[in-house]
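This briefing is meant to be read alongside the sequence and the coordinates. It takes up charged side chains, aromatic rings and model confidence in turn.

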Amino acid sequence: MTFTEEQIKQLADSLNVETAREVIHITLSVGENLTLTDSKLGGLPYIHKGGKLPTTSQGEPLFMLAQINCEQLPENSLYPKKGLLQFWIASDEYYGADFENRCQNDTKRICYFPEIQESLPIAYIKELYTKISTSKRETNNIFIRENALELPFNPNQSLALGFEKSVEGISYADVHFDDEMQKIWEAAFSEEFPGLWGLPEETLKVFYKYLSNGAGHKIGGYPDFAQYDLREDDNFHDTLLLQIESEWNEQYSVMFGDAGVANFFINREDLAHCKFDNVLYNWDCG
């Protein structure tokens with residue numbers, strides 16, 4: 001069966017309309033004069049007075065990958081309206097991911113503060129935010145040396161987050177793509193969708209022009225993967241809480257393995273009720 005580019009575009013347009021989801025795209029830039037409560041990637045975290053740095057069960061400190069100040073987001077129906085959401089990961093060979101138990105809260109943690117209260121002094125947070133090497137070498141304050149850390153980002157550097165609200169159709173990396181495409185395909189051709197890999201190469205190239213690959217730093221929308229979507233069709237974790245892609249330039253570097261992508265997934269009902277204890281964290285690379 002042969003297709004014109006216009007036919008393929010119409011199929012893709014229909015799919016994007018039927019599967020449209022709210023998304024907040026995120027851009028990174030070198031942060032200047034960021035406060036403890038600003039949205040950021042890396043840098044000093046907000047820790048409320050009386051609080052403490054999250055650690056693993058072995059007492060090793062976690063490091064803040066990202067912090068989202070909900071009031072700095074554009075108006076949306078995804079995140080809470082106020083408060084701070086923080087994403088913490090361990091400094092280890094898997095950047096805090098446990099590929100046997102992706103929802104564990106030992107080497108990764110999602111912390112939500114519904115109210116921003118008085119914080120610990122900045123100097124004290126710096127003192128807390130240290131990494132002690134497992135070889136019992138001299139304690140290394142991460143704001144002096146980061147080379148000993150195994151992290152996908154430089155915790156010494158705060159990157160400011162810019163936000164832009166939009167909508168996007170399902171990405172061809174999403175586990176539900178074939179099911180959603182089947183509905184559109186069957187309505188157009190009264191036959192079963194052969195899957196993207198079942199299409200002729202030239203047809204596939206045209207499809208890629210009009211379909212989303214899910215790439216980019218984002219909240220909501222549909223995911224991107226360096227390999228494949230590990231979730232099952234009926235997976236409980238149906239909402240993309242945060243996605244951070246590898247990105248590097250002369251000013252900064254965020255690198256998950258070999259140019260990989262990190263995803264945090266949550267159940268939409270849990271998100272609506274601000275329950276963050278069952279978040280699936282995964283990253284993969286090529």
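Aspartate 224 is buried and yet takes part in no salt bridge, since its nearest side chain of opposite charge, that of lysine 218, is 7.6 Å away. The model is a predicted one, and the protein averages a pLDDT of 91, with 93% of the residues scoring at least 70. The points below begin with the setting of this aspartate and then turn to other charged pairs, to the rings and to the parts of low confidence.

**Aspartate 224 and its surroundings**

- The loop that holds aspartate 224 runs between β9 (217-220) and β10 (239-245).
- Leaving aside residues up to four places away in sequence, aspartate 224 touches Ala173, Asn213, Gly214, Ala215, Gln243, Glu245, Val261 and Asn263.
- Glutamate 245, one of the residues that aspartate 224 touches, has its C-alpha atom separated by 18 Å from that of serine 91, the two residues being 154 residues apart along the chain.
- Serine 91 itself is found in the loop between β4 (84-90) and β5, and it counts as buried because its relative accessible area is 12%, under the 20% limit.

**Salt bridges**

- Across the whole structure, a search finds 12 salt bridges, among them the three pairs described in the following points.
- Lysine 9 and aspartate 13 meet through their side chains in a salt bridge of 2.8 Å, N to O; both residues lie in helix α1 (residues 5-18), where they are four residues apart, or about one turn of the helix.
- Both partners of this helical pair are partly exposed, lysine 9 with a relative accessible area of 29% and aspartate 13 with one of 32%.
- Glutamate 22 and lysine 165 form a salt bridge of 3.6 Å, N to O, and this pair links distant parts of the chain, with glutamate 22 in strand β1 (residues 21-30) and lysine 165 in strand β8 (residues 159-168), 143 residues apart.
- Within that strand-to-strand pair, glutamate 22 counts as buried at 18% relative accessibility, whereas lysine 165, at 43%, counts as partly exposed.
- Lysine 82 forms a salt bridge with glutamate 115, their closest N and O atoms being 3.0 Å apart; because lysine 82 lies in the loop between β3 and β4 and glutamate 115 in the loop between β5 and α2 (122-128), the pair ties together parts that are 33 residues apart in sequence.
- Relative accessibility is 41% for lysine 82, which therefore counts as partly exposed, and 44% for glutamate 115, which is likewise classed as partly exposed.
- Asp174, Asp229 and Arg231 are linked by salt bridges into a network, and the charged end of arginine 231 also sits over the ring of phenylalanine 265, 4.2 Å from the centre of that ring.

**Aromatic rings**

- A search of the whole structure finds 16 aromatic pairs, and one of them joins tyrosine 46 to phenylalanine 113 in an edge-to-face arrangement, with 5.4 Å centre to centre and 80° between the planes.
- That pair links distant parts of the chain, as tyrosine 46 is in the loop between β2 (40-41) and β3 (62-69) while phenylalanine 113 is in strand β5 (residues 108-113), 67 residues apart; both tyrosine 46 and phenylalanine 113 are buried.
- Tyrosine 94 and phenylalanine 99 form an aromatic pair that is also edge-to-face, at 5.5 Å centre to centre and with 75° between the planes.
- Here the rings belong to residues classed as partly exposed, tyrosine 94 because of its 39% relative accessibility and phenylalanine 99 because of its 29%.
- Phe3, Phe177, Trp185, Phe189 and Phe193 are linked by ring pairs into a cluster.

**Where the model calls for caution**

- Over residues 131-140 pLDDT stays under 50, and for this stretch the model has 15 contacts beyond four places in sequence.
- Residues 142-147 also keep a pLDDT under 50, and for them the model has 16 contacts beyond four places in sequence.
- Where pLDDT is low, the predicted coordinates should not be read in detail.

How values were computed
Residues numbered from 1 in each chain as written. Heavy atoms only, no water. Helix = DSSP H or I, 4+ residues; strand = E, 2+ residues; numbered from the N terminus. Buried < 20%, exposed > 50% of the residue type's maximum accessible area, 1.4 Å probe, protein only. Lys, Arg positive; Asp, Glu negative; His and termini not counted. Salt bridge = Lys/Arg side-chain N within 4 Å of Asp/Glu carboxyl O. Contact = heavy atoms within 4.5 Å. Phe/Tyr/Trp six-rings, centres within 6.5 Å; stacked < 30°, edge-to-face > 60°. Lys NZ or Arg CZ within 6 Å of the ring centre and 35° of its normal. pLDDT = per-residue confidence, 0-100.
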